[in-house]
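Trainee: I'd like to learn how to read a protein model, one feature at a time. Please give me the general idea each time, then the case at hand.

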Amino acid sequence: MSFKKANQQPAQTQQGQYSNRLSNHASEADHREFREDEPFFRQILESLEDYAIFTTDLEGHISSWNTGAENLLGYTEEEIIGQDARILFTAGDRQKKAPEKEMAGARKTGSSLDERYHVRKDGSAFFVSGKMFALKDEKGKLRGFTKVMRDITHVKVLQETITQAKAYAESIVDTAREPMLVLYKDFTVNTANRAFYKTFKVNKKDTEGRQLYELGNGQWNIPALKALLEHILPNDSSFNDYEVIQEFEKLGTRTMLLNARKLWRVGNHTEMILLAMEDITERKQADAFKNAFIGIASHELRGPVSSIKGYAQLLGKRAQKAEDKMAAGTLDKINRQTDKLTEIINHLLDISRIQSGKLQLDRVHFDLNSLTSGIIDEMQSETTTHQLIQQGTIPKDVYADKFRIGQVLTNLISNAIKYSPDTSKVMIKLSQDRNKTHGIVTVQDFGIGIPPEDQANLFQAFSRARNGQKKKIQGIGLGLHIAAEIIKEHGGKIWFESKLEEGSVFHFSLPLSA
């Protein structure tokens, strides 16, 4: 008599000796016949070091144990033979009768497949893909079971990580305040978040499974938007801040900013598109109102301020003739304050022009060296605290708006003086870039520097370094913003380096004349 297992050969011990516990009813002759194939089975089973293979009797007591089982579960053959295989299950699975159910399944159908956590000798748990086979003799009588196990903990961890990441991403999308859609590659809507349903006053039935271009009143059926979306998946690209002004069903005319990114679903290798939307209608209206107010207010203020300045100068001359020092001094202060007010008004006018796209440049070819020298001479006559030192030259003219570049230079040198109150010099250097296509102007001070947390926003409107505000250095935070916009309009660059208590170095570049 020889034993056979449904669909698979029987397992063996680490030494290749099959335990008598395999069958309490088989004779020595029966075992001798079975062991004639022992070297063949030993070769197979001992080569499977990554697989735990063991056999049990009908009650679940372990009767053979291969090298893979020792490697995976930590028990030697001497320790485990005769033990109840239930010790390999977690306490929770033993309470749920998982071992008995597994044997019952193998007894009924010939095999039983399961994936669950098992326990090693040291008590650590690991995730296993296992299959139990019914072991029968040649007459079909059940003699025991064979269990084959493989450690797939890394797969389980990966699956759990992916599941958690998916749930995390979905929760972010669903709780985001901006409307979002996830699109299949044919632009059919896979999912939409709550903000989308709330913003556009629609439901899932009207959205999921439908083409983007069919939603609502066809509001997204925009040729330019189609072209952008069709470019994303084939080219692994994205787009940001695409502005759409459209008539939306149930909403009326709205202005939307759209952003799109490629998504990759790992499980089924699906390419998808995340389309995010932001309603900026109110913001655009507020900006338009603000710009209109700034423009009108600035224009209306220029007249009265100019009149005040004129009258103050006239009265100042009379006070000087009358040798009224108190009146002359007071009128001089009024004159200086109106100059500051005029500067603020001019800044506001520039901001209004920049934001409305009406900043006009009167470009001419001119020598930047001479312009810089003239501005330095003028500013040097007005300051007694700092020495303004010019270095280097630019061998070619630049093609730019002379007045606007002078405005940038004046702002940078003025800031260098203001923000270095305890030092005595400012360096102004002129040079070329490496390719000799751009002239570079550098203004360096040795003052208080700019805190790292303020550097990223320094060129934004109304942005100021906090340490300057603490030292009560005057300014409204518009000069650098205007300077940056002027250089940008010329096709140049503006940048800086700064360290606290060591000073700042500002640079800007301009294309040289051909």
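Trainee: Let's begin with a single residue: where is Asn217 found?

Mentor: Asn217 sits in the loop between helix 8 (194-200) and helix 9 (223-235). Helices (H or I, at least four residues) and strands (E, at least two) are DSSP runs, numbered from the N terminus. Keep in mind that this is a predicted model, in which local features need pLDDT of at least 70, side-chain atom pairs count only at pLDDT 80 or more, and totals for chains, interfaces and linings use all residues. Residues are numbered from 1 along each chain as its sequence is written, and side-chain values use heavy atoms, with hydrogens and water left out.

Trainee: How do I read accessibility, and how does Asn217 count?

Mentor: Buried means under 20% relative accessible area, exposed means over 50%, and partly exposed is in between (1.4 Å probe, protein chains only). Asn217 has 42% relative accessibility, so it counts as partly exposed.

Trainee: Which residues does Asn217 touch, leaving out those up to four places away in sequence?

Mentor: A contact means heavy atoms within 4.5 Å. On that basis Asn217 touches Glu247, Phe248 and Glu249. Asn217 and Glu249 are 32 residues apart along the chain, with 6.0 Å between their C-alpha atoms.

Trainee: Is Thr56 buried or exposed?

Mentor: Thr56 counts as buried, because its relative accessibility is 2%. This residue belongs to strand 2 (residues 51-56). Beyond four places in sequence, Thr56 touches His61, Ile62, Ser63, Ala85, Gly144 and Phe145.

Trainee: And the whole chain? How many helices and strands does it have?

Mentor: There are 16 helices and 18 strands. Of the 514 residues, 43% count as buried. Among contacts between residues at least 6 apart in sequence, 56% join residues at least 24 apart.

Trainee: How should I read a single helix, such as helix 13?

Mentor: Compare its reach with the expected span, which is 1.5 Å times one less than its number of residues. Helix 13 (residues 402-418) has 17 residues and reaches 24 Å from its first C-alpha to its last, close to the expected 24 Å. Of those 17 residues 12 are buried, so helix 13 is largely enclosed by the rest of the structure. Among the buried ones are Arg404, Gln407, Leu412 and Ile417.

Trainee: How do I read two helices that pack together?

Mentor: Two packed helices are described by the angle between their axes and the distance between the axes. Axes are lines fitted to C-alpha atoms, for helices over the stretch in contact, and angles run from 0 to 180 degrees between N-to-C directions. Here, the axes of helix 12 (residues 368-380) and helix 13 come within 10 Å and cross at roughly 45°. The two are therefore oblique to each other; angles under 35 degrees count as roughly parallel, over 145 as roughly antiparallel, 65 to 115 as roughly perpendicular and the rest as oblique.

Trainee: Which hand does the crossing of helix 12 and helix 13 have?

Mentor: That crossing is right-handed. A crossing is left-handed if the near helix is turned anticlockwise from the far one by less than a right angle, and right-handed if clockwise. Residues making the contact include Leu371 and Ile375 of helix 12 and Ile405 and Leu409 of helix 13. By class, it has 8 nonpolar, 4 polar and 1 charged residues. Ala, Val, Leu, Ile, Met, Phe, Trp, Tyr, Cys and Pro count as nonpolar, Asp, Glu, Lys and Arg as charged, and the others, Gly among them, as polar.

Trainee: At roughly what angle do helix 13 and helix 16 cross?

Mentor: Their axes cross at roughly 145° and come within 10 Å. This crossing is left-handed. Among the residues that meet are Val408 and Asn411 in helix 13, and Leu480 and Ala483 in helix 16.

Trainee: What covers the buried residues of helix 16?

Mentor: The cover includes helix 11, helix 13, strand 17 (494-499) and strand 18 (503-511). With 9 of its 11 residues buried, helix 16 is largely enclosed by the rest of the structure. Leu480 is one of the buried residues of helix 16, with a relative accessible area of 12%. Leu480 touches Asn411, Leu412, Asn415, Leu458, Phe459 and Phe506, not counting residues up to four places away in sequence.
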